[in-house]
Amino acid sequence: MSQSDIPNIQELSTEISQLRQDLQLRDQLVQQLSQELFRLVKGNTNFTPPKPEPEIDSSQLQALRDQIQAVEQQVTFYQEQITNRDTEIYQLRQSVQELTDRSRMLEQVVQELPQIYRRKFEERMTPVRDKVTILQRENRQLQAELQSVSYRLALKNRYANHGGIDLPNFPRSEATADSIPAPQNA
C-alpha cells in the first residue's frame, strides 16, 4: 500500500459518510411528508380530492412517477457505491491488518537478531576456544621439555669441557714449579 492510497481512503470514507447523510436526510423528508399527508387525510374526513381533469392528473402523476423513478435510480446508484466502497474499505482493512502483522513479525525478528548472532558466534567460537586451550597446554608442555633439554644440554657441555669434574684453577708461580721435582718413570 502506498502513501497515496491513505488520502484516497480518507476521501472515500468522507464521500461515503456524505452519501449516507444525504440518504438519511431524504428518508427523513419522505417520513415527514408521509406523516403530514396522513395527518391531513385523517384529520379531514370531508376531504375528498377534487376531481381534476384526467389529462392534468395523469400528466402530474406521470411526472411524479418519473421523479420517483429518478430518485430510486439515484438511491440504487448510491447504494451500489456504498456497497463498493464498503468492500474496498474491508479489503483495505484486511490489507492493513496483514501488513501490520507482518511488520510486527519483522520487528520481532529484528529484535531477536542480536541474540541469534551471539548464540551462533558462541557456537562457532567453542571449537576455537577448545583448540586454543589444547594449543596452550601443548605449548606449556613443549616449553617445559625445551627447558629440560636445555638444562641437560648445558650440564652435558659443562662435563664435556671439564672432563667430568669441575676443578678449581689455581695460578701457577714459576718458583713453585722449580722446587717440585718432576716424577720419574723408572
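## A three-helix chain, mostly out in the open

Arg 129 is partly exposed, with a relative accessible area of 41%. That residue is a handy way into this structure, which is a predicted model. The chain has 3 helices and 0 strands, and just 4% of its 186 residues count as buried. Here's a quick tour, topic by topic.

**The overall picture**

- Starting at the N terminus, the elements run α-α-α, and no strand turns up anywhere in the chain.
- The accessible surface of the chain comes to about 17,400 Å², and carbon and sulfur atoms account for 55% of that area.

**How far to trust it**

- The mean pLDDT of the chain is 82, with 76% of the residues reaching 70 or more.
- Helix H2 (residues 54-161) has the highest mean pLDDT among the elements, at 90.
- At the other end of the scale sits helix H3 (residues 174-179), whose mean pLDDT of 53 is the lowest among the elements.
- Where pLDDT is low, don't read the predicted coordinates in detail.

**Salt bridges**

- Side chains of opposite charge can pair when their charged atoms come close.
- The structure holds 4 salt bridges, and three of those pairs are described below, among them Arg 129 with Glu 122.
- In the pair of Arg 129 and Glu 122, the N-to-O distance is 2.9 Å. Glu 122 is partly exposed, at 37% relative accessible area, and Arg 129 is partly exposed as well, at 41%.
- Asp 101 and Arg 104 also meet through their side chains, at 3.9 Å from N to O. That still counts as a salt bridge because the cut-off is within 4 Å.
- Both Asp 101 and Arg 104 lie in helix H2, 3 residues apart, which is about one turn of the helix.
- Arg 104 is exposed, with a relative accessible area of 53%, whereas Asp 101 counts as partly exposed at 39%.

**Arg 85, a buried charge**

- Arg 85 sits in helix H2 and forms a salt bridge with Glu 15, the closest N and O atoms being 3.3 Å apart.
- Glu 15 belongs to helix H1 (residues 5-43) and Arg 85 to helix H2, so this bridge ties together parts that are 70 residues apart in sequence.
- Is Arg 85 buried or exposed? Arg 85 has a relative accessible area of 15%, so it counts as buried, the cut-off being under 20%.
- Its partner Glu 15 is partly exposed, at 35% relative accessibility.
- Which residues does Arg 85 contact, leaving aside its neighbours within four places in sequence? Arg 85 is in contact with Leu 12, Glu 15 and Ile 16.

**An aromatic pair**

- You can describe a pair of aromatic rings by the distance of the centres and the angle of the planes.
- The count here comes to 1 aromatic pair. The rings involved are those of Phe 77 and Tyr 78, with centres 5.7 Å apart and planes at 55°, so the pair is tilted.
- Why tilted rather than stacked or edge-to-face? The planes sit at 55°, and the label fits because stacked means under 30 degrees and edge-to-face means over 60.
- Phe 77 counts as partly exposed at 43% relative accessibility, and Tyr 78 is partly exposed too, with a relative accessible area of 24%.

**A nonpolar patch on the surface**

- Met 105, Leu 106, Val 109, Val 110, Leu 113 and Tyr 117 form a nonpolar patch on the surface.
- Together, these residues show about 560 Å² of accessible area.
- One of the patch members, Leu 113, lies in helix H2 and is partly exposed, with a relative accessible area of 31%. Leu 113 can belong to the patch because patch residues need over 30% relative accessible area.

Key:
Residues are numbered from 1 along each chain as its sequence is written. This is a predicted model: local features need pLDDT of at least 70, side-chain atom pairs count only at pLDDT 80 or more; totals for chains, interfaces and linings use all residues. Side-chain values use heavy atoms; hydrogens and water are left out. pLDDT is the predictor's confidence in each residue, from 0 to 100. Helices (H or I, at least four residues) and strands (E, at least two) are DSSP runs, numbered from the N terminus. Buried means under 20% relative accessible area, exposed over 50%, partly exposed in between (1.4 Å probe, protein chains only). Accessible areas come from the Shrake-Rupley method with a 1.4 Å probe; for residues, only the protein chains shown count as cover. Patches are made of residues with over 30% relative accessible area and no salt bridge: like charges are joined within 9 Å, nonpolar side chains (Val, Leu, Ile, Met, Phe, Trp, Tyr) within 5 Å. Rings of Phe, Tyr and Trp (its six-membered ring) pair if their centres lie within 6.5 Å; planes under 30 degrees apart count as stacked, over 60 as edge-to-face and the rest as tilted. Contact means heavy atoms within 4.5 Å.
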